[in-house]
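Work through the following exercises with the model open beside the text. Each task is followed by a solution that proceeds step by step.

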Amino acid sequence: MDGTWNVYFENRAVGTCTLRREGLYIRIVCSCDRVVNGICRLMMQCSDGSADLGILIPVGNGLGLDRKLSSKALPKGEP
C-alpha cells in the first residue's frame with residue numbers, strides 16, 4: 001500500500017498523503033491546506049472499506065498528520 005495520494009475536501013484537491021510500510025505498521029504523512037477553522041479528520045476510502053487516519057493538526061500555514069497505524073487497521077484495497 002505504499003504510495004502518495006491526493007487529499008480532497010469538498011471535491012477539491014487540497015494536499016497529499018503518503019503511506020509507507022514500516023515493518024508491521026504503516027506510516028502516514030499528510031500535508032494540506034487549511035480548509036476549515038475547526039477540527040478536520042482525515043479519512044481513507046478504499047474499495048474494501050474506509051479507515052479513520054486521524055485528526056489533522058496545524059503545521060505552519062496548513063494542516064498535517066504524521067503517525068503510524070497497524071497495517072491490520074487499514075482496509076486491504078487501494079485508496
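**Exercise 1.** Decide whether Y8 is buried or exposed, and list the residues that Y8 touches beyond its neighbours up to four places away in sequence.

*Solution.* In this predicted model, begin by placing the residue: Y8 lies in strand 1, which covers residues 3-9. The next step is the relative accessible area, which is 55% for Y8; because exposed means over 50%, Y8 counts as exposed. Once residues up to four places away in sequence are set aside, Y8 touches A13 and V14. Finally, a distance to a residue farther along the chain can be added, since Y8 and L42 are 34 residues apart in sequence and their C-alpha atoms are 9.5 Å apart in space.

**Exercise 2.** Examine the loop between strand 1 and strand 2, and state what is notable about phi of E10 and of N11.

*Solution.* Start with the expectation that most residues other than glycine have a negative phi. Against this background, E10 has a positive phi of about 50 degrees although it is not a glycine, and N11, also a residue other than glycine, has a positive phi near 65 degrees. Then locate the two residues: E10 is found in the loop between strand 1 and strand 2, and N11 is found in that loop as well. As a last step, consider the solvent exposure, where E10 is exposed with a relative accessible area of 68% and N11 is exposed with a relative accessible area of 80%.

**Exercise 3.** Describe the largest nonpolar core: which of its residues touch the most other members, and which element gives the most to this core?

*Solution.* The general principle is that in soluble globular proteins nonpolar side chains tend to be buried together. Here the largest nonpolar core has 19 residues, of which C17, I28, C30, L42, L53, L56 and L74 touch the most other members. The elements that give two or more residues to this core are strand 2 (12-22), strand 3 (25-33), strand 4 (41-46), strand 5 (49-55) and strand 7 (62-70). Strand 3 gives the most, with four residues. To look at one member in detail, take L42, which, leaving aside its neighbours within four places in sequence, is in contact with V7, C17, C30, A51, D52, L53, G54, L56 and L65.

**Exercise 4.** Determine whether M44, G64 and S71 are buried or exposed, and describe the surroundings of each residue.

*Solution.* The cut-off comes first: a residue is buried if its relative accessible area is under 20%.

- M44, found in strand 4, has a relative accessible area of 6% and is therefore buried. Apart from neighbours within four places in sequence, M44 is in contact with M1, L19, G49, S50, A51, L53, L74, P75 and P79. The C-alpha atoms of M44 and G54, which are 10 residues apart along the chain, are separated by 9.9 Å.
- G64, placed in strand 7, is buried at a relative accessible area of 5%. Its contacts, again without neighbours within four places in sequence, are C30, S31, I55, L56, I57 and V59. The C-alpha atoms of G64 and D33, 31 residues apart along the chain, are separated by 8.7 Å.
- S71 lies in the segment after strand 7, and with a relative accessible area of 18% S71 is buried. When residues up to four places away in sequence are not counted, S71 touches R21, L24, Y25, I26 and K76.

**Exercise 5.** Characterise the protein chain as a whole: how many helices and strands does it have, and how compact is it for its length?

*Solution.* The secondary structure comes to zero helices and seven strands, so that the elements run β-β-β-β-β-β-β from the N terminus on. The radius of gyration is 12 Å, close to the 12 Å that the globule rule gives for 79 residues, so the chain is as compact as a globular protein of that length. Its C-alpha atoms fill a box of roughly 35 × 25 × 20 Å along the principal axes. Among contacts with a separation of 6 or more, 48% are accounted for by residues 24 or more positions apart.

Turning to the surface, buried residues make up 33% of the 79 residues, while the accessible surface comes to about 5,100 Å², of which 49% belongs to carbon and sulfur atoms. For the charges, the mean positions of the 10 positive and 8 negative charges are 6 Å apart.

How values were computed:
Residues are numbered from 1 along each chain as its sequence is written. This is a predicted model: local features need pLDDT of at least 70, side-chain atom pairs count only at pLDDT 80 or more; totals for chains, interfaces and linings use all residues. Side-chain values use heavy atoms; hydrogens and water are left out. A nonpolar core is a set of buried Ala, Val, Leu, Ile, Met, Phe, Trp, Tyr and Cys residues joined through side-chain atoms within 4.5 Å. Buried means under 20% relative accessible area, exposed over 50%, partly exposed in between (1.4 Å probe, protein chains only). Contact means heavy atoms within 4.5 Å. The radius of gyration is taken over C-alpha atoms; the globule rule is 2.2 Å times the number of residues to the power 0.38. Accessible areas come from the Shrake-Rupley method with a 1.4 Å probe; for residues, only the protein chains shown count as cover. Lys and Arg count as positive and Asp and Glu as negative; His and the chain ends are not counted. The place of a charge is taken as NZ of Lys, CZ of Arg, CG of Asp or CD of Glu.
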